[in-house]
Amino acid sequence: MAFDQSKQLFSDANNHLVGGVNSPVRAFKSVGGTPIFFESGEGAVVLSEDGDAYIDYVLSWGPLLLGHAHPKVVQAVCDAAAKGTSFGAPTARETELAKLVNTFYPSMEKVRFVNSGTEATMAAVRLARGATGRSLIVKCDGCYHGASDSLLVAAGSGAQTLGTPNSAGVLPEVAAKTIVVPYNDLSAMSTVFAEHGDDIAGLIIEPVAGNMGLIVPDASYISGLRELCDRHGALLIFDEVMCGFRVAQGGAQQLFNIVPDITCLGKVIGGGLPVAAYGGSATLMAHIAPEGSVYQAGTLSGNPLAMAAGITTLSLLSDSQAFKRVTESTTYLVEGIKAIIKVTNIPLCVQQCGSMWCLFFTPTLPQNLADVTHCDFNSFNIFYHKMLENGVYLAPSQYEANFMSLAHTEETLELTLRAISLSLEP
Ligand SMILES: *Cc1c(COP(=O)(O)O)cnc(C)c1O
């Protein structure tokens, strides 16, 4: 594969777009080389501008649980577009999608739709502060909650628990209102609550973490977080933007049987269009304007095209066989990978949760961010580029999870396993 066309397009893009992209991870900085420009996608396969086909496990970073260009989603979006693309006024579809979301997530009695996961988590944080009258937010190291100031925060050094900015432009005084603790470590979390409990507005977490590879915490950890929040009057925010609809039909809250106070959704609920949401009990959500005093708004929120894609996607996922089938495909692939690892004896392991999966270049499954940093990144990058040569498009970083879609057939999975075997050969 020559990538000539992608190289040309990337060079042109670099003259007009910052870094040639509109979201940093697309630039392939982590794995090196030129990002591939895509021309089209259908089902499990994407076609590059160079004319090469790839089996896709990025799936737009998770949203495309039905695969690319699902005919019913395409039809729904076209039908909606023909009737007007935006009104900035209420439409029936918004209520329809909210009802559907509620059938999957009973804890989301009331919902507010927004356009991105970043907006959803940013509003969730404001709601937690507005509803409790407290200022501190707790997050875990390695969890990604979008690009808002309060959440672009890294762990402070040494004994200092208050966070420091993870980006230029985030004020230290804003970052200091976010406490960062290691993932999957209940005693570290207990210590933070013992020290700051009365000031903590909310604890935000990816209840299955998909932004440091894929980490599935102990169920006792998640129930422990619920207890800590209850004991100290803090709100528990599940950021299920990525793991929603993927680790269980009703997300991690169903998987662990824990009811959060606020849930953030994104990715899958839009079926590939810009939709995200936050929601919780009717009483808590009554703090949001226009019912309450916590302000949040959006010109294109609840957009007809996006709602149509979301409704169609969730309707198709309402079939309980859908979740079962996509999980079975993932298990099939992951078991195949385990068999390959066994014969090659490479220090490699593979994690799965529902329709999410991740290969780690380390012998044992990481439990937190520090473990992931010990992976063999060089081997990952070599493997990554061999997989491209063998026609498989994986997430371009050891820190990212891969996804499965309902469009991945058994033949697709067999081709993928063959590519993995070839790519792991010395
Ligand atoms: C992707 C993601 C976000 C941010 O969503 P955007 O739509 O990219 O703004 C937030 N939280 C989690 C867990 C995510 O995976």
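## Close-up views of a predicted model

**View 1. Y384 sits in a buried spot.** Y384 is buried, its relative accessible area being 0%. Please keep in mind throughout that this is a predicted model. The residue belongs to helix α13, which covers residues 377-389. Setting aside neighbours within four places in sequence, the contacts of Y384 are F28, V31, Y393, L394, A395 and P396. For a distance to try in your own viewer, pick the C-alpha atoms of Y384 and Q398: they are 9.3 Å apart, with the two positions 14 residues apart along the chain.

**View 2. R226, D230 and D261 form a network of salt bridges.** Let us start with the pair inside one helix. R226 and D230 make a salt bridge whose closest N and O atoms are 2.8 Å apart. Both residues lie in helix α7 (residues 219-232), and because they are four residues apart there, about one helical turn separates them. Is R226 buried or exposed? With a relative accessible area of 12%, R226 is buried, since the cut-off for that label is under 20%.

**View 3. A second partner for R226 comes from a loop.** The side chain of D261 also meets R226 in a salt bridge, at 2.9 Å from N to O. D261 lies in the loop between α8 (251-255) and β11 (262-265), whereas R226 is in helix α7, so this pair ties together parts that are 35 residues apart in sequence. Across the structure there are five salt bridges.

**View 4. E335 and K338 pair within helix α11.** Here a salt bridge joins E335 to K338, and the closest N and O atoms are 3.6 Å apart. The two residues are three residues apart in α11 (residues 320-344), about one turn of the helix. How accessible is each partner? E335 has 43% relative accessibility and counts as partly exposed. K338, at 40%, counts as partly exposed too.

**View 5. Three strands make an open sheet, with α11 lying across two of them.** The strand order is β13-β14-β16, and the pairing is antiparallel. Which strands are at the edges? They are β13 (349-353) and β16 (402-403), each of which pairs on one side only. As a reminder, strands of a sheet pair through backbone hydrogen bonds, in either a parallel or an antiparallel way. Strand β14 (residues 356-360) is joined to β16 over two bridges, in the antiparallel sense. To find this pairing on screen, look for M356, which stands opposite F403 in β16. Helix α11 lies across β13 and β14, and runs at about 170° to β13.

**View 6. Two domains meet along the chain.** Domain 1 is made of residues 4-69 + 321-423, and domain 2 of residues 71-317. Their contact takes 31 residues from domain 1 and 30 residues from domain 2. Taken over C-alpha atoms, the centres of the two domains are separated by 25 Å. What area is buried between domain 1 and domain 2? The value is about 2,400 Å², and carbon and sulfur atoms give 68% of this area. If you go looking for salt bridges between domain 1 and domain 2, the count is zero.

Terms used:
Residues numbered from 1 in each chain as written. Predicted model: local features only at pLDDT ≥ 70, side-chain atom pairs only at ≥ 80, totals over all residues. Heavy atoms only, no water. Salt bridge = Lys/Arg side-chain N within 4 Å of Asp/Glu carboxyl O. Buried < 20%, exposed > 50% of the residue type's maximum accessible area, 1.4 Å probe, protein only. Pairing = 2+ DSSP bridges. Contact = heavy atoms within 4.5 Å. Axes fitted to C-alpha atoms, helices over the stretch in contact; angles between N-to-C directions. Domains from an automatic or database assignment. Buried area = accessible area lost by both parts, 1.4 Å probe.
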